[in-house]
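Student: I have a structure open and would like to learn how to read it. Can we take one feature at a time?

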Amino acid sequence: MKNGFVLWFTGLSGAGKTTLATSTKKILKDCGMKVEILDGDILRENFSKDLSFSKEDRDINVKRTVFIANLLARNGVVVLVSLISPYKDSRQMAREQIEDFYEIYVKCPLEICTERDVKGLYKQVLNGGIQNFTGITDVYEEPESPDLVLETDKFNIEESIELLLEFLKTRNILSAI
């Protein structure tokens, strides 16, 4: 594979973006591919500590992520971006700037994400500890025409990965795995 590609996992906190990216990485690495995950939490901690959660700063965070993802993909790496990226315009900018970009909407109802509350963030929001929280005190603009929708409240991780791999195969993004 000369060039890599970018799978951009978007969705609410707790929808399953990182879980899907991590499982996908293992499968693709086992097939001999170079794969990297750009996870929103890790990017925030190491690359965007200077940013708040305002729309402007979220857009800057996406721009930084696009730059890194594009650089890696152009050099033969499969990039799995796990980033809430709540705004349509910033995801559209990513699509326009990355040649082989595939938007994967990890769809899960807010109620289920709140029940999962893997990181305890929803509890903090409800107690007034976090402002500008996507889906509650800030907007999440659902993708209108993502390349793939994975409904993690209806399908378990194995089923979701199978749907993702089938998507990659049917579009000749990957040869048969």
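Tutor: Start with the sheet. This is a predicted model: local features need pLDDT of at least 70, side-chain atom pairs count only at pLDDT 80 or more, and totals for chains, interfaces and linings use all residues. Residues are numbered from 1 along each chain as its sequence is written, and side-chain values use heavy atoms, with hydrogens and water left out.

Student: In what order do the strands lie in the sheet?

Tutor: First, the terms. Helices (H or I, at least four residues) and strands (E, at least two) are DSSP runs, numbered from the N terminus. Two strands pair if DSSP finds at least two bridges between them. Here 5 strands make an open sheet, in the order β2-β3-β1-β4-β5, with parallel pairing. At the edges are β2 (35-39) and β5 (148-151), each of which pairs on one side only.

Student: By how many degrees are neighbouring strands turned against each other?

Tutor: Angles run from 0 to 180 degrees between N-to-C directions, and axes are lines fitted to C-alpha atoms, for helices over the stretch in contact. In this sheet the average turn between neighbouring strands is 20 degrees, direction ignored.

Student: Which residues of β1 have bridge partners in β4?

Tutor: Among them are Thr10, whose partner is Tyr105, and Leu7, whose partner is Tyr102. β1 (residues 6-10) and β4 (residues 101-107) pair in the parallel sense over 5 bridges. β1 also pairs with β3, again in the parallel sense, over 4 bridges. There, Val6 stands opposite Val79.

Student: Is β1 mostly covered or exposed?

Tutor: Learn the cut-offs. Buried means under 20% relative accessible area, exposed over 50%, and partly exposed in between (1.4 Å probe, protein chains only). β1 is mostly covered, with 5 of its 5 residues buried. Val6, Trp8 and Thr10 point one way, while Leu7 and Phe9 point the other way.

Student: Now a helix. Which residues of α4 are buried?

Tutor: Think about helix geometry. An α-helix has 3.6 residues a turn, so residues three or four places apart point the same way. In α4 (residues 88-97), the buried residues are Ser90, Arg91, Met93 and Ala94. They line one face of the helix, because they fall within an arc of 155 degrees seen down its axis. That arc is taken from the directions from the helix axis to the C-beta atoms.

Student: What covers the buried residues of α4?

Tutor: Contact means heavy atoms within 4.5 Å. The cover includes β1, α3 (55-74) and β4. Take Ala94, a residue of α4. Ala94 is buried, with a relative accessible area of 0%. Setting aside neighbours within four places in sequence, Ala94 is in contact with Trp8, Val66 and Phe101.

Student: Where does UniProt place the "active site"?

Tutor: Handle records with care. UniProt positions are given in the numbering used here, feature names are shortened, and annotations may be inferred rather than shown by experiment. The UniProt record, an unreviewed entry, puts this feature at Ser85. Ser85 is in the loop between β3 (78-82) and α4.

Student: What should I look at around Ser85?

Tutor: Begin with burial. Ser85 counts as buried, at 3% relative accessibility. Beyond neighbours within four places in sequence, Ser85 is in contact with Trp8, Thr10, Val62, Arg91 and Tyr140. A polar contact is a pair of N or O atoms within 3.5 Å; within protein, one must be able to donate a hydrogen and the other to accept it, and residues adjacent in sequence count only if both atoms are side-chain atoms. The side chains of Ser85 and Trp8 make such a contact at 2.9 Å.

Student: What about the phi of Ser85?

Tutor: Most residues other than glycine have a negative phi. Ser85 has a positive value, near 35 degrees.

Student: Which residues does the "binding site" annotation cover?

Tutor: In the unreviewed UniProt entry, the annotation covers Gly11, Leu12, Ser13, Gly14, Ala15, Gly16, Lys17 and Thr18. Gly16 is in the loop between β1 and α1 (17-30). Gly16 is buried, at 19%. Lys17 is in helix α1. Lys17 counts as buried, at 7% relative accessibility. Not counting residues up to four places away in sequence, Gly16 touches Val106 and Arg116.
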